[in-house]
Every structure is written in structure tokens, then in C-alpha cells.
Amino acid sequence: MTATFEPIEKENIHSLVFPNTDVLEDKELKRKRISELSRALSLGNLEQLKTKIFFEDCSSKKVVETTIWGVTDDKVILKQGMIIPINRIYYSQ
């Protein structure tokens, strides 16, 4: 990705507004996104490793470095109950 992602603290995610549309159109990229999030969840739970999540709210592209605590069918759960909709995530690393 060549776009610039603005860093954000996880504590500020609660104030963001997320559209319902998916930032990814390609099915293979969507599969890769789920795979990356599942891996990050395992690393966070087993080894307390942080991951960078690259996502977009209604105004700009952002990146947060945090531990993923849970992944459901449609959202990623971070510490302190912060939530990012999966359809707004580009990738994680």
C-alpha cells in the first residue's frame, strides 16, 4: 500500500465513525486479511505481541499498534473494549 496511514492511539478509536462499506474489493485480499487477523490474535494471546492494524474510518486512513483480544465474524476487539469493524481494515502486520 502506498497510502499514508496516520498513527492513532487505541484509546481514541471509540470516537471514530466507520462506514458500512468494505475497504477491500478483492476476495483474495479479504481472505488474506482474515488470515492475518487470526494470526495476530494468536500471537497476542499466546505471546502478548502487538500488531499494527491498518484501517480507514469515515475521514482518513489510520494505523494502530495494539494487541488483538478477539476476532468475531465482523469485528476486531482490542483492549478496553475498543472495536474496529473488519470491513474497514486493509491489513495487519
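Colleague: Where does Lys50 lie in this model, and what makes Lys50 exposed rather than buried?
Modeller: The model is predicted. Lys50 lies in the loop between α1 and β2. Its relative accessible area is 56%, and exposed means over 50%, so Lys50 is called exposed.

Colleague: Which residues is Lys50 in contact with, leaving aside its neighbours within four places in sequence?
Modeller: Lys50 is in contact with Glu65, Thr66 and Thr67. Contact requires heavy atoms within 4.5 Å. As for Ile8, 42 residues away along the chain, its C-alpha atom is separated from that of Lys50 by 14 Å.

Colleague: Why is the pair Phe5 and Phe54 called edge-to-face?
Modeller: The ring centres are 5.1 Å apart, and the limit for a pair is 6.5 Å. The planes make an angle of 85 degrees; edge-to-face applies over 60 degrees, so the label follows. Both residues are buried.

Colleague: How do you know that this pair links distant parts of the chain?
Modeller: Phe5 is in the segment before β1 (6-7), whereas Phe54 is in strand β2, and 49 residues separate them in sequence.

Colleague: What makes Phe54 and Tyr91 a stacked pair?
Modeller: Their planes are 15 degrees apart, with 4.4 Å from centre to centre. Stacked means under 30 degrees, and pairing needs centres within 6.5 Å, so both conditions are met. Phe54 and Tyr91 are both buried. Phe54 belongs to strand β2 and Tyr91 to strand β7, so the pair ties together parts 37 residues apart in sequence.

Colleague: How many aromatic pairs does the rule give, and which residues form one aromatic cluster?
Modeller: The count is five pairs. The cluster is formed by Phe5, Phe54, Tyr90 and Tyr91.

Colleague: How do you know that β2 and β7 pair?
Modeller: They share three bridges, in the antiparallel sense. Pairing needs at least two bridges, so the condition is satisfied. Phe55, for example, has Ile89 in β7 as its bridge partner.

Colleague: What makes β1 and β7 the edges of the sheet?
Modeller: The sheet is open, with four strands in the order β1-β3-β2-β7 and mixed pairing. β1 and β7 each have a single partner strand, so one side of each has no neighbour in the sheet. Helix α1 lies across β2 and β7, at about 50 degrees to β7.

Colleague: Which elements give two or more residues to the largest nonpolar core?
Modeller: This core has 17 residues, and those with the most contacts inside it include Ile13, Ile53, Phe55 and Ile68. The elements in question are α1 (27-47), β2 (51-56) and β5 (75-78). The largest share, three residues, comes from α1. Beyond its neighbours up to four places away in sequence, Ile68 touches several residues, among them Leu37, Leu41, Ile53, Val76 and Leu78. A second, separate core has seven residues, including Val23, Leu24, Val63 and Tyr90.

Colleague: What makes the approach of Asn20 to Asn87 a polar contact?
Modeller: The backbone oxygen of Asn20 lies 2.6 Å from a polar atom of the Asn87 side chain. The cut-off is 3.5 Å, so the distance falls within it. Asn87 itself lies in the loop between β6 (83-85) and β7 (89-92). Leaving aside neighbours within four places in sequence, Asn87 is also in contact with other residues, including Pro19, Thr21, Asp22 and Arg33.

Methods
Residues numbered from 1 in each chain as written. Predicted model: local features only at pLDDT ≥ 70, side-chain atom pairs only at ≥ 80, totals over all residues. Heavy atoms only, no water. Polar contact = N/O pair within 3.5 Å; in protein donor to acceptor, adjacent residues only side chain to side chain. Core = buried A, V, L, I, M, F, W, Y, C linked by side-chain atoms within 4.5 Å. Buried < 20%, exposed > 50% of the residue type's maximum accessible area, 1.4 Å probe, protein only. Phe/Tyr/Trp six-rings, centres within 6.5 Å; stacked < 30°, edge-to-face > 60°. Axes fitted to C-alpha atoms, helices over the stretch in contact; angles between N-to-C directions.
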